[in-house]
Every structure is written in structure tokens, then in C-alpha cells.
Amino acid sequence: MKTRSNVRVKALALSLFGISTIYIAGQTGARAKTDRPFGDVQVLATVPNPPGFPEGIAVQGNKVYVSGPARFGTAGEPPSKVFAFDTKTGELVRTYAIQGENLSQDHANSCIAFDGQGRLYVVNIQLGIVRIDLGSGQQEVYAAPLPSLAPCSMSAPPCSPTVADLPPLPNDIAFDAAGNLYETDSFQATIWRIPSGGGQPQIWFQNSALDTPFGPNGLRLDPAETKIYFAITAEGIGGMGEFLGGKIYTLPLVASPMASDLQVFHQYNGEAPDGIAFGRSGNLYVALAAPFNSGVGILRPNGTEVTQLHNAPSSPIFPYDSPANIAFNKHGSLLLSNHAFATGIPANFTVLDVFVDDKESPLVKPNVP
């Protein structure tokens, strides 16, 4: 299958590089919260396997919701799922199996988001955006799957500004105040917009600069709600075989951004940025997903780097093993979904609690039909 082989090639390329710079060793056992040093990291919960390979993560009330599996090769396996864990104890309190998937074909969940009514939106590669009422468990398809676009060199618009003809890879989502839902497409160099109330995704922004080995990924609105920030996970491989790392880009939150609006916020050198989240401090927290160089990057509002948190050199894949996405609890910690896509170690399919002495810049959670 073309899609699966491409993902394996990209995963292999990412796994070849990684040197830890600054590290905070993983902690075991609970600590008093006032006692925790900056960067202290603990395992809050382990995600059941199957499905494993967690990606989406979001907090609502006293629960953290985690979706998966974010991988290919799932044909014949049980349904994709969302798990709800207690944010204090890590106890698994409820499981939501996605309804309506064709289990004989690849099926997977990527990222998730909440609306103002507390309903959960789940990116599913088969069904599109699935909306779940967490109380009743009722599910509905909110938005259609992303269309497959031929390269613009082969087709008139709508088309993809890519060299290769790849299928869509739906990834992260975020709402604006008007109820529009923005969705990154990592293989088609496209960010889509779904109108309030759902329906058919519409092309919002495309650019050949986003045609990289792993394109648009983590996505968030800035605290002022005037820009969209998004990650490009892998720029490519250089002439000497070096991993070129990814970037964080910005675009103005307007109806139709232009190519000239695309701005680089931060360039990484050997790191693979994935999910992102803003703190009340104004800092941007970035999940760094490169195998053996995993951790968290922290960027100031001007795009310069505060620091990176990594594993100890003696423990290259624990506790961080390719974290995919980020949420906040209410006690100064980041909660990370540990994807472990390259190692595939079930014990590393975890939710990590990383103390950064910051809280969430409130996400936009509009009321939508």
C-alpha cells in the first residue's frame, strides 16, 4: 500500500537522527506539586494496547481524553478508540469505540478538540470528523473525509501543490470563534477549513513550501486569535544525509491567506515538531517527536527558544518516546500523548505529566450547530 510505505520511509528517516541537548530525567512515584522542579516528568497513565499509538489529547473538566491508534496497518484490528483518564490519578474511567469504521480496511484516529457544549471532535481517517456526546456516547459524522487531490502538475484546481500524488493524511484540528474548524493535511500541503455546523472541508491554504516529507501537523490559534500557528514536522534530508528538522509557521486568521502571508516563526535543527499548545505565559510548547531525540521545546512569543526538555542520555526512549500532542492540566503541567511510533513499545504508549509551572491559554471552544 503506497500510503503505508511512505509512512514507514518517513518514520525511518526521522529515527536516524537525534542528539539530546537538555534533559530532565523521568520520575517515578508521586510528588507534592509544590515540590516539583521545572521539567519534572511522570507517567500519568498507560494507554491500552491495542490500539496503542496515541496521538490526540485534550482536557475537559477532571479528565484527559486520548485518541488512537495513529498508525497505518490496522486492517483486521478492533475499532479506533478514545480513552478518558482521570487527570489526577491516571485511572481509566471510560472508553469510546468509534462506530461505523470498516475494520477490514485501515482505520485510525488522529487529533481531537472540544466545542463549547463539551462535545468531542475526533479526526478519523475513514469517516472524517466524528462528534461524540461524552455523556450518552452518541456519535455522528460532523464533517466528510478530506478529498484526495491530484498534484497541480497533473490536474486543474482543486489540486495539491505537491510533487508526488499522495492521499490525504488528516492530522490536527482547532476551532475559531466563528465555529470554523481548521484541519491540517500532512501529505497534501494543505490546511482545510470546515464551516460551522460541519459538512464538506474546503481548501483554506496551500503552498508548495509545505510539500515536505511530513507536512502540516500540529495546529493552534494564538492567544489573541489573530493567527494560526502550525508545525511542519520534517523538512527533508540534506545532501550530506543530515535531517533538516521542521518549522513552526504562522498565517493570519483571515478568509483567504496569501502565499506572502506565510511566515516562519521558528526553524528547528534536527528536531521534529509535532503537536503545539500555548501557555498563559505566551510561550509556545512544542512536542518534539524525532525518535531518540524526543521531548518538549519551549518557544518565547518572539520565536526564540527558552529551552528543550529531553531524556537522560542513559535512557534515550524513556520517558519521552515521540510525543505527539499536548494539553494542559490545571496544576501547571503539560500532558503529552506518547506516540512511540518508531519503537512501538507498548509500555511507552503513555500520557506524560511534565511540570512547567504554566497553565493553558484557553482554547477556542465555540458553540456550533
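User: Hi! Let's start with Cys111: is it buried or exposed?
Analyst: Hello! Cys111 counts as buried, because its relative accessibility is 1%. Keep in mind that this is a predicted model.

User: Okay, and which residues does Ser67 touch?
Analyst: Leaving aside residues up to four places away in sequence, Ser67 touches a list that includes Cys111, Ser110, Ile112 and Asn109. Phe53, Pro54, Glu55 and Gly56 are also among its contacts, and so are Lys81 and Val82.

User: Where does Ser67 sit?
Analyst: Ser67 is part of strand E4, which covers residues 63-68. Its relative accessible area is 1%, so Ser67 is buried.

User: What lies 2.5 Å from a polar atom of the Ser67 side chain?
Analyst: That would be the backbone oxygen of Ser110. Ser110 also appears among the residues that Ser67 touches.

User: Switching to disulfides: how many does the structure hold?
Analyst: There is 1 disulfide. It joins Cys152 to Cys159, with an S to S distance of 2.1 Å.

User: Why is the disulfide called right-handed?
Analyst: The torsion about the S-S bond of Cys152 and Cys159 is about 90 degrees, and therefore the disulfide is right-handed.

User: Are its two cysteines buried or partly exposed?
Analyst: One of each! Cys152 is partly exposed, at 36% relative accessibility, whereas Cys159 is buried, with a relative accessible area of 5%.

User: Now salt bridges. How many are there in the whole structure?
Analyst: The search finds 7 salt bridges. As background, side chains of opposite charge can pair when their charged atoms come close.

User: Which residue meets Arg71 in a salt bridge?
Analyst: Glu77 does, and the N to O distance is 2.6 Å. Arg71 is partly exposed, with a relative accessible area of 21%, and Glu77 is partly exposed too, at 23%.

User: What about Glu140, which partner does its side chain meet?
Analyst: Glu140 meets Arg131, with 2.9 Å from N to O. Here Glu140 counts as partly exposed at 40% relative accessibility, while Arg131 counts as buried at 7%.

User: And which partner does Glu235 have?
Analyst: The side chain of Glu235 forms a salt bridge with that of Lys247, at 3.5 Å from N to O. Glu235 lies in the loop between strand E16 (227-234) and strand E17 (247-252), and Lys247 is in strand E17, so the pair ties together parts that are 12 residues apart in sequence.

User: How accessible are Glu235 and Lys247?
Analyst: Glu235 is at 23% relative accessibility and counts as partly exposed. Lys247 is at 15%; the cut-off for buried is under 20%, so Lys247 counts as buried.

User: Which residues are linked in a network of salt bridges?
Analyst: Arg36, Asp40 and Asp353 are linked that way.

User: Last topic: what is the strand order in the open sheet of 4 strands?
Analyst: The order is E19-E20-E21-E22, and the pairing is antiparallel. At the edges are strand E19 (273-278) and strand E22 (305-310), each of which pairs on one side only. From one strand to the next, the twist averages 20 degrees.

User: How many bridges are there between E21 and E22?
Analyst: Strand E21, residues 295-299, pairs with E22 over 5 bridges in the antiparallel sense. To see one position, look at Ile298, whose bridge partner in E22 is Thr307.

User: What do strands of a sheet pair through?
Analyst: They pair through backbone hydrogen bonds, either parallel or antiparallel.

Notes: Residues numbered from 1 in each chain as written. Predicted model: local features only at pLDDT ≥ 70, side-chain atom pairs only at ≥ 80, totals over all residues. Heavy atoms only, no water. Pairing = 2+ DSSP bridges. Helix = DSSP H or I, 4+ residues; strand = E, 2+ residues; numbered from the N terminus. Axes fitted to C-alpha atoms, helices over the stretch in contact; angles between N-to-C directions. Buried < 20%, exposed > 50% of the residue type's maximum accessible area, 1.4 Å probe, protein only. Polar contact = N/O pair within 3.5 Å; in protein donor to acceptor, adjacent residues only side chain to side chain. Contact = heavy atoms within 4.5 Å. Salt bridge = Lys/Arg side-chain N within 4 Å of Asp/Glu carboxyl O. Disulfide = S-S within 2.5 Å.
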